[in-house]
Amino acid sequence: MPADSSRMQESHVHAATLQESHVPATGGSALPAAVLWDLDGTIVDSEPVWDVSLSDTVRRLGGELSDRGRAAVLGSELDRAVLVLLAEAGWNATPELIAETRVRLVSRTAELFAGGVVWQPGAREALDLVGAAGVPMALVTNSQRVLTELALDVVGRDRFAVSVCGDEVDRGKPAPDVYLRAAELLEVPIAD
C-alpha cells in the first residue's frame with residue numbers, strides 16, 4: 001500500500017455507496033463478495049489505441065517501435081513503458097526526458113481514448129450479469145487516472161463502486177497493489 005496518503009485518496013469511490021452495493025444474503029450462494037475488473041484487454045480493446053499512441057510517441061522521439069519493444073510495454077505500468085520507448089528511440093533516460101515523454105504519451109493516448117474505445121466481446125454482458133446479481137464491482141487498471149476517466153465515460157462509471165489506477169498505488173501490475181486497494185475500498189477481504 002502506498003505510504004503517501006494523498007495518493008491513496010485519489011482512488012475513486014463512485015456514487016453508489018458501499019453499503020448499497022454489498023451482496024445481499026444469498027443463502028449459501030457461491031457469489032463472490034466483489035468482482036475486480038481489469039480495464040485494458042478485459043473490458044475494452046485498448047490495444048489498438050495503445051499501439052498508435054506508443055508508435056506515435058517513439059516516432060516523435062526519432063525512432064520506431066519494434067515488435068520486441070511493443071511486447072515489452074504490453075500491460076506494463078506507465079513508467080516502465082516510457083523507459084522502453086526512450087530505449088527504442090536510442091535516448092538516455094534523463095529525469096527531464098522521462099517526464100516529457102510521459103506527458104507526451106499520456107496526452108496522445110487521451111486524445112485517442114476520447115475518440116472512443118471498443119468493448120471486448122461479451123464484456124458488457126458480463127458486467128450486466130454481475131451487476132444484476134448485486135455483486136459490487138471495482139475497476140482496477142495500470143492506466144493513469146486521466147485515461148481511466150475517459151474510459152469510464154464509455155463503459156459506465158455507475159457500474160463500479162470504486163476504481164483504482166496505476167498512478168494511485170506504489171506499484172502497478174503485475175504487483176497486486178491496485179487489487180488490494182480496491183478490496184480495501186470495498187471493505188471486502190481479498191480472499192472473498
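## A walk through the predicted model

Start with the whole protein chain on screen: it exposes about 9700 Å², and carbon and sulfur atoms supply 55% of that area. Accessible areas here come from the Shrake-Rupley method with a 1.4 Å probe, and for residues only the protein chains shown count as cover. Before you click further, know that this is a predicted model, where local features need pLDDT of at least 70, side-chain atom pairs count only at pLDDT 80 or more, and totals for chains, interfaces and linings use all residues. Residues are numbered from 1 along each chain as its sequence is written, and side-chain values use heavy atoms, with hydrogens and water left out.

**The overview.** Switch to a cartoon view. The protein chain has nine helices and six strands; these are DSSP runs numbered from the N terminus, with helices being H or I of at least four residues and strands being E of at least two. Of its 192 residues, 45% count as buried. Buried means under 20% relative accessible area, exposed means over 50%, and partly exposed is in between (1.4 Å probe, protein chains only). Now think about contacts, meaning heavy atoms within 4.5 Å. Among those in the protein chain with a separation of 6 or more, 72% are between residues 24 or more positions apart.

**Stop 1: helix 6.** Select residues 95–114. At 1.5 Å a residue, these 20 residues should span 28 Å, and the end C-alpha atoms are indeed 28 Å apart, which agrees. (The expected span is 1.5 Å times one less than the number of residues.) Next, colour the buried residues of helix 6: Leu97, Thr101, Arg104, Leu105, Val106, Thr109, Ala110 and Phe113. An α-helix has 3.6 residues a turn, so residues three or four places apart point the same way. What do the buried residues of helix 6 pack against? Show helix 3 (47–60), helix 5 (78–88) and helix 8 (145–155), and you have the partners. Just after helix 6, click on Gly116, which takes a positive phi of about 110°.

**Stop 2: an aromatic pair.** Stay with Phe113 and add Trp50. The structure holds one aromatic pair, and this is it: Trp50 and Phe113 sit edge-to-face, 6.4 Å centre to centre with 80° between the planes. Rings of Phe, Tyr and Trp (its six-membered ring) pair if their centres lie within 6.5 Å; planes under 30 degrees apart count as stacked, over 60 as edge-to-face and the rest as tilted. Trp50 lies in helix 3 and Phe113 in helix 6, so the pair ties together parts that are 63 residues apart in sequence. Trp50 counts as buried at 18% relative accessibility, and Phe113 is buried too, with a relative accessible area of 2%.

**Stop 3: the nonpolar core.** Here a nonpolar core is a set of buried Ala, Val, Leu, Ile, Met, Phe, Trp, Tyr and Cys residues joined through side-chain atoms within 4.5 Å. Select Trp37, Ile43 and Phe160: of the 37 residues in the largest nonpolar core, these touch the most other members. Elements that each supply at least two residues of this core include strand 2 (35–38), helix 7 (123–132) and strand 5 (137–141). Which helix gives the largest share? That would be helix 5, with six residues. Zoom in on Ile43 and, leaving aside neighbours within four places in sequence, you'll find contacts that include Trp37, Val118, Trp119, Leu139 and Phe160. Apart from this core lies another, of 12 residues, among them Ala34, Val169, Leu185 and Val188.

**Stop 4: Trp91.** Go to the loop between helix 5 and helix 6 to find Trp91. Is Trp91 buried or partly exposed? At 44% relative accessibility, Trp91 counts as partly exposed. A polar atom of the Trp91 side chain lies 2.7 Å from the backbone oxygen of Leu61. That is a polar contact: a pair of N or O atoms within 3.5 Å where, within protein, one must be able to donate a hydrogen and the other to accept it, and residues adjacent in sequence count only if both atoms are side-chain atoms.

**Stop 5: Asn142.** Now pick the loop between strand 5 and helix 8, where Asn142 sits. At 12% relative accessibility, Asn142 counts as buried. Its side chain reaches the backbone nitrogen of Lys173 at 2.7 Å.

**Last stop: Tyr179.** Finish in helix 9 (residues 177–186), home of Tyr179. Tyr179 is partly exposed, with a relative accessible area of 26%. Draw a C-alpha to C-alpha distance to Asp38: the two are 141 residues apart in sequence and 9.4 Å apart in space.
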